[in-house]
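Hi,

Here is the structure I promised to pass on. Have a look at it first, and then read my notes below.

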Amino acid sequence: MDLSYQSTLELDKILRRAVELCTCAETKDRMRALAPFETTEEERYALSQTNAINSLLLKNGSPRFGAVHEVRRVVAHAVKGGILSMGELLEIAATLRNFSGLVQWYGLTDHEMMPTDDLFAALAPQPVLEKQISDCILSPEEMADTASVTLRDLRRKIRATEDSIHTKLDNIIKNSTTNKFLQDAVVTLRNGRYVVPVRAEFRGEVGGVIHDVSSSGSTIFVEPTAVVEANARIMQLRAQEQEEITRILSAFSAQVASLEPQFGCSYDAMLEIDLLLAKARLAVEQNAFMPAVSDTCCFRLNKARHPLIDPKKVVPVDISLGSDYDTLVITGPNTGGKTVSLKTAGLLNAMAQYGFLIPAHESSMVCHFEEYLVDIGDEQSIEQSLSTFSGHMKRITGILELAGPNTLTLLDELGAGTDPAEGAALAVSILERLRRQGTLLMATTHYAELKIYALETPGVVNASCEFDVESLAPTYKLSVGVPGKSNAFLISAKLGIPESVIDAARAHMSSDDKRLDTVLAQLDDLKLQLKAAQDEAEKARYEAEHALESAEKQREALIKQGEEELEAARRKAHELMQQVQNDAYALTDELRRIQKDEKTSAAARAVRAREIARKDTEQLLARTEKKPVKREFVPLKEVKPGQEVVIAELDQHAVVLSRPDKNGMVEVRAGILKTKVPLSGLCAPDKMDKRSVQRQQPPKTRTHVQLNHDRKSSMELNLLGYTVEEALAEVDRFLDHAMLSNQNTVYLIHGNGTGALRNAIQKHLRTHRGVKSFRLGRYGEGESGVTVVELK
């Protein structure tokens, strides 16, 4: 395939941008060397791979992936028995880290089988080796002390020896006797040994080994006798350190060599994924989609956008070729978008053939072409003595030789640059020859003869780029089926050419040209009317779809609201049932207590029982018929100890025990229990309610305190006022009911008093078959006045 079309269609710019989006240097080389796929199946599979990575990129974001260099050469060196350097091992660790990152990224979301599954399956992470290398090697020049026990001990000995040397040399430097013999009071290194600079005239005053002399000869570098042995020891230890480092590097190199050939397969898969990631990132930039690939020689581009034009300015066009017609003749004014339409059609088909998604609607379809034959632009050449016309003809000569089935030919300004009559005749002849050779053909022109040829010839269709003569600005919209006008007269008039000159120009036109101009003007009017009708129909369709969508949303909202209200009613019914059950238990307990009261006559007990039953029954019925009214109250702004207040949420009277803390919490006593509530949740007691409560309160009632929403009445048993024998019988009954109700925790309220009732209850609980454990209540649970029981 002749690849000269890459620069003409600006595909080379797309490839350069894709190269920039690659991570690894080897992937960049692969992208530069990328060639079009040779078969339809290969193109279709490449597009599906790019689309799969693009969908993962949109769902999972970018993977953890870093650049690596020449890793294949490094592994080959290890396989041959070579010892890898610390920098090379770090490259291996980075590559293994890429393997792990890609595998983790691929599994972030659930998905069905993808055409890229085999690439990710080929990745073989080695997390243990990766961690060992990363932990042991800190940089290309430094190995960690923790790389081995031997290395750690050697470096510890080196540091200890260096410290002793520095101590001895510091004594020499700071000694008043020897200090005057030194050039500078510093310690330096020469040949790996610690030395001091001594003035040349005092060379015999400081005993030791001379290792170097300054360039001026005024300073000699002496290794004092006191540190000679220690320096030798350091040299020996450093040699052992280097041997240990070499041993560690050799061990790592052997591990890397053992990874082959699996590592090579994983590395190739990583580079291929990097290439696909670059294509996917480019697709995200261009808002591109995967087109279908036609099995026949035809394509259809819907809402296609040229990828190199600013997305905010580009105008989508619809271009199809090969199904109803094989030749498209595009006409219209200069700068109207004719050439852009040519390039868009060629470039998008070529991009797909390289495995790139295209900036067009996902319903688009591309074709697999064997050749892209393009003549776009000015082909004149001073060196070859070619004019514009000659340059075009030379290029078209090559096109005529290569044109055939499964080829796409794009010709810009066909026949231009010579005599109009001859150029038009030549253009028609070239079109006929190319059509006979079976190529798909798109051409732009200003010649009226070509417009007539397209109108009269089956398989050839006119298209035009619209132009707004009022604003003298192109709309860049392509209308297929209608020839365009050059609008030279209208544009000239708008630009100030005298009307007389334009009238004279019209007089010079032939009658055929005038008739054609009149027909084209009528077609333009019909096209505008058709467009207006289409816009109106599209608006009506949109409004209908919008109304249907709105109705569906409203229906879904009503269904959801009904479900929520039904669920709320169910919850309310359940809570009401639970409350009624709790109140029924309390009523039963009260009636039983009245029956046990020996001081009251049988008749009085019966009257009292009937009265309590009637009142409580009325209250229960009233609760089922009336909705609870949320209490409205004015919160207190300050309180003081001893003040009587009401806990608004519980409608419970309480006494303040302390002033608010820094968090605005106030400690109060409600009955026998202490708790903390926010100051904003307290209000002043209502006097009428207080008197009414005092007046209606029976002389002896059962105490019931609910501390929070999680602790319900069915979880509590109030034993205040019971004898030990009565309390134990009630405890057995209550625990049996709790176990049948599958409750795990219950609360026995016995108060403090003398402690006899609490001790008897807890002694009884120790032998009860259904009790798992028990304890006294904590703060907020009733403390020592309550026993909390955990059931089996």
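What follows is a short tour of a few helices and one strand residue. Keep in mind that this is a predicted model.

Let's start with helix α4, which runs over residues 40-60. How far apart should the ends of its 21 residues be? At 1.5 Å a residue the span should be 30 Å, and the end C-alpha atoms are indeed 30 Å apart, so the expected and modelled values agree. Quite a few residues of α4 are buried, among them T40, E43, L47, I53 and N60. What lies over the buried residues of α4? The cover includes the helices α6, α7 (117-121), α12 (262-286) and α13 (338-353), along with the strands β7 (292-293) and β11 (365-366). Right after α4 comes G61, with a positive phi near 75 degrees.

Next up is α6, one of the elements covering α4. Helix α6 takes in residues 86-106, and its 21 residues should also span 30 Å at 1.5 Å a residue; the end C-alpha atoms are 30 Å apart, which fits. Most of α6 is covered, with 15 of its 21 residues buried.

Helix α6 also has a partner in α5 (residues 71-79): the two pack at an angle of about 115 degrees, and their axes are 10 Å apart. On the α5 side the contact is made by V71, R73, V74 and V75, and on the α6 side by E88, E91, I92 and T95. Sorted by class, that contact has four nonpolar, one polar and three charged residues. The crossing of α5 and α6 is left-handed.

Now for another helix pair. The axes of α9 (residues 149-174) and α11 (residues 225-258) come within 9 Å and cross at roughly 160 degrees. Angles over 145 degrees count as roughly antiparallel, so that is how α9 runs relative to α11. This crossing of α9 and α11 is left-handed, and the contact has twelve nonpolar, four polar and eight charged residues.

Last, try finding L478 in strand β16 (residues 473-480). Is L478 buried or exposed? Its relative accessible area is 13%, and buried means under 20%, so L478 is buried. Leaving out residues up to four places away in sequence, L478 touches V317, D318, I319, I330, S341, A463, S464 and C465. L478 and G332 are 146 residues apart in sequence, yet their C-alpha atoms are 9.7 Å apart in space.

Have fun exploring!

Methods:
Residues are numbered from 1 along each chain as its sequence is written. This is a predicted model: local features need pLDDT of at least 70, side-chain atom pairs count only at pLDDT 80 or more; totals for chains, interfaces and linings use all residues. Side-chain values use heavy atoms; hydrogens and water are left out. Helices (H or I, at least four residues) and strands (E, at least two) are DSSP runs, numbered from the N terminus. The expected span of a helix is 1.5 Å times one less than its number of residues. Buried means under 20% relative accessible area, exposed over 50%, partly exposed in between (1.4 Å probe, protein chains only). Contact means heavy atoms within 4.5 Å. Axes are lines fitted to C-alpha atoms, for helices over the stretch in contact, and angles run from 0 to 180 degrees between N-to-C directions. A crossing is left-handed if the near helix is turned anticlockwise from the far one by less than a right angle, and right-handed if clockwise. Ala, Val, Leu, Ile, Met, Phe, Trp, Tyr, Cys and Pro count as nonpolar, Asp, Glu, Lys and Arg as charged, and the others, Gly among them, as polar. Angles under 35 degrees count as roughly parallel, over 145 as roughly antiparallel, 65 to 115 as roughly perpendicular and the rest as oblique.
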